[in-house]
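Colleague: I'd like to go through this one with you and ask how you get from the numbers to the words. Can you show me what we're looking at?

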Amino acid sequence: MRPVGKLVRYVAFTAMALVGLLGGAFIVGNTFADPGGWPAVGMTALWAIPMVALSVNALLRPAAAGPVLAGATGMVAVFT
């Protein structure tokens, strides 16, 4: 890989990690502010656990992760 491509990949990864971290912190903070307590823990786990599982899948098996992520996006669109 060329050095510029590697730099762009790291910059994109850093930007997405920051957006995900800040967005996740906002969602968790909002969840714990409104229902609070154990319901907030459960609600946070309902989106955090699948997000971590999909991220690990994309990291370990990038070729197979494309259809899985596309299917997950389609399911979210249908439920929304």
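Modeller: What follows is a run of your questions and my answers about this model, which is predicted.

Colleague: Let's start with Asn 57. Why is Asn 57 called buried?

Modeller: Its relative accessible area is 15%. Buried means under 20%, so Asn 57 counts as buried. You'll find Asn 57 in helix 2, and it touches Pro 62, Ala 65 and Val 68, if you skip residues up to four places away in sequence.

Colleague: And what makes Thr 44 buried?

Modeller: The reasoning is alike: Thr 44 has 12% relative accessibility, and the cut-off is under 20%, so Thr 44 is buried. Thr 44 also lies in helix 2. Leaving out neighbours within four places in sequence, its contacts are Val 28, Thr 31 and Phe 32.

Colleague: Which residues of helix 2 are buried, and what covers them?

Modeller: The buried ones are Ala 40, Thr 44 and Asn 57. What covers them includes helix 1 (3–33) and helix 3 (62–79).

Colleague: Then why is Val 8 called exposed?

Modeller: Exposed means over 50%, and Val 8 has a relative accessible area of 51%, so it gets that label. Val 8 sits in helix 1. From Val 8 to Pro 39 you count 31 residues along the sequence, and the C-alpha to C-alpha separation in space is 40 Å.

Colleague: How do you know that the length of helix 2 agrees with its number of residues?

Modeller: Helix 2 covers residues 37–60, which is 24 residues. At 1.5 Å a residue they should span 34 Å, and the end C-alpha atoms are 34 Å apart, so the two agree. There is a bend in helix 2, though: about 30° at Ala 45.

Colleague: What does that check give for helix 3?

Modeller: Its 18 residues should span 26 Å, and its end C-alpha atoms are 26 Å apart, so the values agree here too.

Colleague: What makes you say that helix 3 is hardly covered?

Modeller: It's the count of buried residues: just one among the 18 residues of helix 3.

Colleague: How much space lies in the largest pocket, and which residues are closest to its centre?

Modeller: About 440 Å³ of space lies in it. Lining the pocket are 13 residues, and the closest to the centre are Phe 13, Met 16, Ala 17, Met 51 and Ser 55. Helix 1 and helix 2 each supply at least two residues of that lining.

Colleague: How does the lining divide into nonpolar, polar and charged?

Modeller: There are 11 nonpolar residues, two polar and no charged ones in the lining.

How values were computed
Residues numbered from 1 in each chain as written. Predicted model: local features only at pLDDT ≥ 70, side-chain atom pairs only at ≥ 80, totals over all residues. Heavy atoms only, no water. Helix = DSSP H or I, 4+ residues; strand = E, 2+ residues; numbered from the N terminus. Expected span 1.5 Å × (residues − 1). Bend = angle between axes of the 7 residues up to and from the residue. Buried < 20%, exposed > 50% of the residue type's maximum accessible area, 1.4 Å probe, protein only. Contact = heavy atoms within 4.5 Å. 1 Å grid on protein atoms, 1.4 Å probe; cavity = no way out; pocket = protein on both sides within 12 Å on 5 of 7 lines; lining within 4 Å. Points joined across faces, edges and corners; volume = space filled by probe spheres on them. Nonpolar A, V, L, I, M, F, W, Y, C, P; charged D, E, K, R; others polar.
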